[in-house]
Amino acid sequence: MITIKDLLAAIPVAVRAGIDDDTIEYLTRVVEAADAGDTTALRDAAEPFLTDAGMSDAELEAMFAKLSVSSDASSPVAAASTGPVLLPSANRPQPLPVPAVSAPAPASAPTPARPATATQQEQEQLPKPAAGSRVEAPVIQAYSQQSRFHNETITTLSKEVDLKAVNVVIGESELLVDARLWLKTGQHYGMVGRNGVGKSTLLSVIGSKALVGFPENIRTLYVQQLDVIDTSASVIDTVLAADTERQKRVDDVRMIERSLQSPDALHEALDKYIVRIGSERILLAQKIATLRSGRRGKAARGVALKAEQTMLSDIREALYTNGKADGEVAAEVLATLYAELDSMDAHSAEARARAILNDLDIDESVQNGPVKVLSGGWRMRVALAQAMFVEPDILLLDECTNHLDLAAIAWLQDYLVALEGVTIVCVSHDRDFLNAVSREIIRVKDKKITYHPGNYDEYEQTEDELRRKKERQLASLERRREHVKKSIDSFMKHARSSNDSKVLGQVASRKKKLDRLAGSDKNEDGTRFKVSYWAGFHDTLRPEIKLERAEKEVDFSIPQPENLRNAGPLISLMGVTFAYGGSKIQRSSSVVLDNISMSIMMGDHIALLGLNGCGKSTLVNIIKGDLAPTKGAVEQQARLRIGHYTQHFVDELSDVDASGLAMLMEGNPGTKEGEARKWLGSFELSGPLATRPIYTLSGGQRARMAMALMLFTNPHILLLDEVTNHLDMYAVQGLIAAINEYEGTVIIVSHDRHFVRQTADDCYSLQDGKLTLLEEGVDEYVDKIIRI
């Protein structure tokens with residue numbers, strides 16, 4: 001057991017003299033609250049004060065190592081946590097569901113050093129994880145620059161967000177470093193960047209309010225990439241639950257009212273209520289302690305520590321004054337909750353929610369039914385109903401067009417374009433959708449965030465023009481430098497031959513001019529550059545012209561198919577009809593495909609268009625041979641190999657523990673490891689990405705992994721069902737280029753208009769079981785569904 005005397009005795013004498021009485025009192029409470037021998041929690045709380053008093057990192061390490069040994073601790077001294085002060089206590093209520101993302105250390109605390117990387121030999125000696133065990137999810141740290149003297153970043157009167165020095169770290173990987181997050185009120189943003197740069201992570205920490213420094217009063221709603229509302233709850237309850245503050249109070253009222261007839265149940269319900277409000281107050285105290293530094297930070301951390309120790313007892317004493325019974329307390333609590341709900345206008349919440357659902361064409365029978373039976377398009381409408389009900393200041397949409405058909409995408413596009421007063425941040429691979437919705441582009445690259453006016457096409461055009469302009473400036477500058485260098489050489493030669501001192505003065509003047517030509521004499525906006533406006537210390541007299549390389553497209557390697565003996569159709573469908581409900585078509589049968597005939601030749605690039613549920617996937621499975629038609633026949637050439645990418649492939653891989661390298665070699669016996677690594681590397685899955693468990697990869701990385709596994713067998717026909725889901729813009733462009741170079745047959749099922757327009761030679765519409773060729777392509781289909 002470590003006492004305050006042990007702690008003070010371990011502190012160097014010179015440092016101990018600089019510790020005031022308030023700090024000693026604080027450290028005393030810390031030691032008393034810490035578990036016996038738990039030097040980790042003790043260090044978390046004490047290190048900021050000891051550092052302020054003058055202790056070095058080496059002295060801290062030595063002191064806590066000594067305390068750890070003296071207390072017979074079995075584990076080595078842990079590195080200082082970067083989170084707010086949290087004392088270990090079995091009875092301490094857990095904070096609200098934010099702990100997956102940790103906050104940074106207070107400004108007065110030093111940044112902990114990262115652990116050194118083990119050598120290969122040391123890594124081989126480390127114990128291997130047991131088979132089937134999963135790697136723990138890395139901790140996310142998200143924080144921004146805070147004010148030392150003010151509290152303005154906790155709440156703000158403005159709905160605009162302007163955070164400086166935003167940092168997002170996952171485990172040991174830095175996603176953002178000192179970036180600026182600037183979201184103007186009512187602006188519609190499109191966010192772009194390569195897969196894995198942190199777009200989804202940034203949206204998630206904003207949506208969950210886990211980004212330290214994000215204003216508490218700004219309401220956000222985050223619609224996630226891989227999970228657009230999949231619940232057994234009814235539609236109306238799902239919309240009502242979006243208002244979390246209202247829902248917490250409604251749940252408390254229901255819980256206490258149900259328990260009024262049972263004394264034991266009532267006491268338990270009141271305990272749960274006390275824990276809820278206590279957890280919220282503790283979390284608020286922790287956030288304030290994290291935001292402040294110096295003397296105010298020490299005081300705030302003391303308040304947070306006291307809150308953790310006494311909050312529940314303080315609330316209980318306030319409720320149970322003068323020996324009140326549970327019944328009296330319950331009556332007062334219910335009165336408080338009723339008043340809070342009235343102030344939120346909760347009595348009209350259901351009516352407002354149903355009116356919103358009616359405006360979105362969701363009738364009452366669907367409103368009362370479960371969400372999980374709805375298609376992706378209707379679930380997205382439910383998600384938008386949540387947004388309209390909560391009335392968020394910022395709406396965060398992560399790949400919101402995934403699993404939506406073209407009709408739903410067109411509806412969503414029109415809705416978002418017309419939405420005013422709400423800031424929208426949208427991540428999407430659908431170029432047409434992003435062009436229509438966004439008014440400004442946010443680019444995440446090289447751990448920074450940059451902002452570009454206009455939609456995505458305008459952003460690309462502007463970036464290309466700026467790159468060409470810089471190339472011309474650099475070429476012109478190099479020509480001028482060469483001219484000055486030649487004149488210097490000429491003058492020097494003349495000076496040596498004539499011993500003319502005036503020429504040497506001209507040489508010195510030309511050298512100064514050459515120094516000025518080290519960079520551009522104009523700013524990016526065309527105004528004249530002035531050295532006096534260039535802050536900081538620099539090696540040159542002008543800023544260098546830096547050429548920014550264009551984003552490299554993903555080079556998908558689609559192997560060309562082998563020639564087949566027969567030059568005829570690869571697959572022939574003759575009068576194919578398919579119905580669910582039996583082997584014979586009956587009145588009760590549900591006919592999905594009706595008398596479809598087509599011949600699929602080598603080199604055909606075909607797109608199948610239609611609403612969700614119209615039978616596109618069924619037709620693809622019949623072409624592949626996984627389903628047999630109810631009526632008609634399907635003929636395939638011998639030795640035909642088919643590669644099938646399903647729209648749910650990425651979601652299925654999210655549960656796979658094996659690595660992509662192991663999965664590829666296991667599915668293709670005889671494949672050498674070097675060959676498999678080279679193949680995965682061509683899909684930007686080289687190095688550790690090839691050996692990591694697949695479920696730890698991002699959505700875009702899993703999509704590329706699925707394609708790598710599918711294409712390794714060198715198929716003659718590619719069946720691509722929503723293949724662009726989860727891919728970034730650059731990966732989609734790379735895939736377009738690869739498909740256009742592929743000499744085999746491609747059958748595409750996609751709602752990405754740009755992708756279909758660039759890859760398909762023939763477009764077919766599937767409606768009411770009939771397959772119809774569209775002479776004008778995908779644009780003809782879009783015009784048709786808009787008119788409907």
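**Disulfides, sheets and rings in a predicted model**

A search of the whole structure finds zero disulfides. The model is a predicted one.

Reader: Which cysteine sulfur is closest to that of C400, and at what distance?
Author: C400 counts as buried, at 1% relative accessibility. A disulfide needs two cysteine sulfur atoms within 2.5 Å. The closest cysteine sulfur to that of C400 is too far for a bond. That sulfur belongs to C426, at 4.1 Å.

Reader: Is C614 buried or exposed?
Author: Buried means under 20% relative accessible area. C614 has 16% relative accessibility, so C614 counts as buried.

Reader: How many helices and strands does the protein have?
Author: The chain has 788 residues, and 47% of them count as buried. Among contacts with a separation of 6 or more, 72% are between residues 24 or more positions apart. The secondary structure comes to 28 helices and 19 strands.

Reader: In the sheet with the order β6-β7-β8-β5-β9-β10, which are the edge strands?
Author: This sheet is open, has six strands and shows mixed pairing. An edge strand pairs on one side only. The edge strands are β6 (220-223) and β10 (448-453).

Reader: By what angle are neighbouring strands of that sheet turned against each other on average?
Author: The sheet is the six-strand one, ordered β6-β7-β8-β5-β9-β10. Direction is ignored, and the average turn between neighbouring strands is 20°.

Reader: Which residue in β10 stands opposite R443?
Author: Strand β9 covers residues 440-445 and pairs with β10. The pairing is antiparallel and runs over six bridges. Opposite R443 in β10 stands T450.

Reader: Why is one side of β12 and of β14 left without a neighbour in the sheet?
Author: The sheet is open, with three strands in the order β12-β11-β14 and antiparallel pairing. β12 (590-600) and β14 (631-636) stand at its edges. One side of each has no neighbour because each has a single partner strand.

Reader: What is the bridge partner of S572 in β14?
Author: Strand β11 takes in residues 571-580. Five bridges join β11 to β14, and the two run antiparallel. In β14, the partner of S572 is E635.

Reader: Which helix lies across β11, β12 and β14?
Author: The three strands form an open sheet in the order β12-β11-β14. The helix across them spans residues 616-624 and runs at about 130° to β11. That helix is α20.

Reader: How far apart are Y456 and Y459, centre to centre?
Author: The search of the whole structure finds five aromatic pairs. Y456 and Y459 form one that is tilted, with 45° between the planes. They are three residues apart in helix α18 (residues 456-498), so about one helical turn separates them. Centre to centre, the distance is 5.7 Å.

Reader: What are the relative accessibilities of Y456 and Y459?
Author: The cut-off for buried is under 20%. Both Y456 and Y459 count as buried. Y456 has 1%, and Y459 has 5%.

Reader: Which residues do ring pairs link into a cluster?
Author: The link is made by ring pairs. The members of the cluster are W679, F683 and F712.

Reader: Which charged residues sit over the ring of W182?
Author: One lies over the face of W182 at 4.2 Å from the ring centre. The other has its charged end 5.0 Å from the centre. In that order, they are R180 and K184.

Reader: Which residue follows α7 with a positive phi?
Author: Helix α7 spans residues 199-207. Its buried residues are K199, T201, L202, L203, V205 and I206. After α7, phi is positive, near 60°, at K209.

Reader: Is H716 buried or exposed?
Author: H716 is found in the loop between α25 (699-711) and β16 (717-721). Beyond neighbours within four places in sequence, its contacts include P561, M602, R639 and Y742. Its relative accessible area is 1%, so H716 is buried.

Reader: How far apart in space are A658 and R692, C-alpha to C-alpha?
Author: A658 lies in the loop between α21 (649-653) and α22 (660-667). At 34% relative accessibility, A658 counts as partly exposed. Leaving aside neighbours within four places in sequence, A658 is in contact with R692, P693 and I694. A658 and R692 are 34 residues apart in sequence, and their C-alpha distance is 7.8 Å.

Notes. Residues numbered from 1 in each chain as written. Predicted model: local features only at pLDDT ≥ 70, side-chain atom pairs only at ≥ 80, totals over all residues. Heavy atoms only, no water. Helix = DSSP H or I, 4+ residues; strand = E, 2+ residues; numbered from the N terminus. Buried < 20%, exposed > 50% of the residue type's maximum accessible area, 1.4 Å probe, protein only. Contact = heavy atoms within 4.5 Å. Pairing = 2+ DSSP bridges. Axes fitted to C-alpha atoms, helices over the stretch in contact; angles between N-to-C directions. Phe/Tyr/Trp six-rings, centres within 6.5 Å; stacked < 30°, edge-to-face > 60°. Lys NZ or Arg CZ within 6 Å of the ring centre and 35° of its normal.
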